[in-house]
Amino acid sequence: MEEKLFRLTRALAARFTGDESPEDKQIIEEWIDGDEHRAALVRGIMDKKRFEANREETRLYPAGKAWKRFRRATGRGHWSRVLYPVAATILLAGVLSVFRSREMPLPVAMEEDEEFFFHSGTTGALLTLDDGRIVNIDKQTALLMTERDGTTIIVDSSGMDYHLPVETPAEEVYNEVRTPTGMEFPLTLSDGTRVYLNAESRLRFPVHFPGDTREVELEGEAFFEVTPDAARPFTVRSGGIATRVLGTSFNTRAYGNERLVVTTLVEGRVELLGKQGRWEITAGEQGCYVKATGACEVRRVDADLYTAWRSGKFIFRNERLEDILSYLSRWYGFEYEFRDEAARDIEIGTSLDRYRDMEPIVRILQTTDLAHVVRVGNKLEIYSK
Amino acid sequence: MNAFRGFFEKLYPVLCVFTSRYIKNREQCEDIAQEVLLLYWERRDRFDHLFQVKSFLFVSARNRSLNLIKREKVNRDFLRDSHVGSDDFYEGNVIEQDTYLLVRQAIEELPPRARTVIKLAMDGLTNPEIAREMNISAETVHTLKKTAYRKLRERLQDLYVIFLFSI
C-alpha cells in the first residue's frame, strides 16, 4: 500500500511538470477510482499557487542549524551536554577565569574545525509578484518574467532589473523582494535606481513608478543609488518616517526590532519627514530617528562605517557588542546570548570581510581581554571578563 | 555522513511542513522532524528502497504528532472530532509533501535554460510564447523542452528506485 502511494506521488510529479506518460495517467486514474474526494485532491495538487505556497513553507525550516544539531546528536563527544553543567558550576563559583587556564581547555577547541565557522551569507531573495506568486532567486537563477502590466523583469547573477514596457501601463503593479537571514540582493528599479538589499530586509515597490512620484517601502537595511530626477522626488518609507531625495546615495537601516531608523548620507542631500518634524541631512551626516518618540538627531559621521557592508566589509568603531552581534547574526545566521548584562555594553572596534566565514571575529572576541565567548552549537554565549 | 547530509537537508524542511499539518507550534515540528530523522539514522541499514524510508519518516512523524496532541488535554476533543487522525488525511499530506519535493528536486537539477523553459511551460505558456519570452527560436524551445523532459523523467525514476548512500 505504501509503495503504491509513492508510485502515485511520482506520477503526480510527472503530471505537474507536464511530462505525464500513459503509465502515470493510469496510476493516477486507478488511485482516484471514481472517488470525488481523491479527484479533488489531485486537482488541488496541480495548482501552481499551492506548489509555490508549499515551497515557501519549507523555507520556514532551514536545514542548516538542524543539521548541526543532528551531527551533535549522532557524533562522538556530546560536548555541549557536558558543557552546560560545567559552565553553570563555574558561574556559580564566579570564577570565569578558570576557562582561561591551561588545565581546562576551552570547550570550543573540542569541536571540529569545520564546526567552528559561521558561513558568510550569499546572494538571494524571494520575489513576490503582484498576483501573489513567489519566485525564489539565487545565484544560479537566470529568468525572464513579464509582470501583469507588461514590465519585463530580468534576473541574472548581477541581480534583478526592471524594464519598462513600450506603452506606459495604466494600473499599478507591486512587487516585493525579501531577503532571508544570510542573504543580500541587488536590484535595479524601473527608473534606473540601484538598491542593494541587506539580509533580513524587505522592499516593496511599484514595478513601474506612476505619475510624478517614486515611492518605495523598506523594512531592514538597504543602500540606495537614486537616479537623479528633479521633477520626481524619490521617497523611502520605513519605520514611521519618509526619506525624500532628488538623486543621491544613502543607506537606510530600519530593522523592525531596532530602536532607531538610521539614515546615512554618502553624497548630496536628503530630507527626513517624521510626525514631529522635518530634518535635512547632507553628505557625511547621519539622521538617527527614534521610533518611540519621533525625535531625530542629526550628527556628523564617517559614512564609510555605515555603508561598508555594500563594499564587502563590516567596520565597527567603538560599538556595543550587543549591537554588533545583532547586526552580524542577520548575515551569518547564528544566535547569541549574553550570560551577564555587563557584556552587552562592551565596546569594540573591528573590521571584517563580509564574504569570509565569521571565525575571525570569534577569535578576536576570544583573544581580547574584554569578553569571553563560548560556542554551543549555533549559539555564542558571551561572558564579560 | 556527508553523503547523508544532502538527504537530510532535503527531507528536514519537508518533514517539518508535513508535521505542521498536525502541530501548530513550529519548534515542536522541528523537534519531531529531527527525532524521526535520528530514528531513521539509527536503523538505516534496514531499508532497501527510498519509498520505505520516506514511508517510515512520514508515519513516524504522524504518530509522534498524534501522540503529542493526545497528551495535551485541550486538544483531545479536537482530535476526536476532526479527521486529522484518519488515513485519508495522512495520505493527502504525504501526497502534497512528496509530490512537491519530487518536482522541486527534479527542476532544480535542470540546466538553467531548460529550467526556465519548464517553469514557463508550467505557467501554461505555449512554445511560441516561451520563445518570445526568452528571445530564442521556437525550434530551440522544442529541443530544450525535449531534453528537459528526458532529464526530468530520468530523475524521477532515480528518485524512486535507487537509494544508495556511501556512508
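Here is a short walk through one sheet of chain A and then through the contact between chains A and B. Please keep in mind as you look that this is a predicted model.

Let's start with the sheet. Three strands of chain A make it up, following the order β20-β23-β22, and the sheet is open with mixed pairing. At its edges stand β20 (335-338) and β22 (371-376) of chain A; each has a single partner strand, so one side of each is left without a neighbour in the sheet. Going from one strand to the next, the twist averages 25 degrees.

If you follow β22(A) to its partner, you reach β23 of chain A, residues 379-384; the two strands run antiparallel and are joined by six bridges. One spot to pick out on screen is V373(A), whose bridge partner in β23(A) is I382(A). The sheet also has a helix packed on it: α9 of chain A, residues 321-332, touches β20, β22 and β23 of chain A. The direction of α9(A) makes about 165 degrees with that of β20(A).

Now let's turn to where the two chains meet. Chain A brings 35 residues to the contact, and chain B brings 42 residues. On the side of chain A that touches chain B, the elements giving two or more residues are the helices α1 (2-16), α3 (36-45), α4 (48-58) and α5 (63-74), together with the strand β3 (143-146). Which of these gives the largest share? That is α1(A), with 11 residues. Sorted by class, this side of chain A holds 19 nonpolar residues, along with eight polar and eight charged ones.

Definitions and conventions: Residues numbered from 1 in each chain as written. Chains lettered and ligands numbered in written order. Predicted model: local features only at pLDDT ≥ 70, side-chain atom pairs only at ≥ 80, totals over all residues. Pairing = 2+ DSSP bridges. Helix = DSSP H or I, 4+ residues; strand = E, 2+ residues; numbered from the N terminus. Axes fitted to C-alpha atoms, helices over the stretch in contact; angles between N-to-C directions. Contact = placed C-beta atoms within 7 Å. Nonpolar A, V, L, I, M, F, W, Y, C, P; charged D, E, K, R; others polar.
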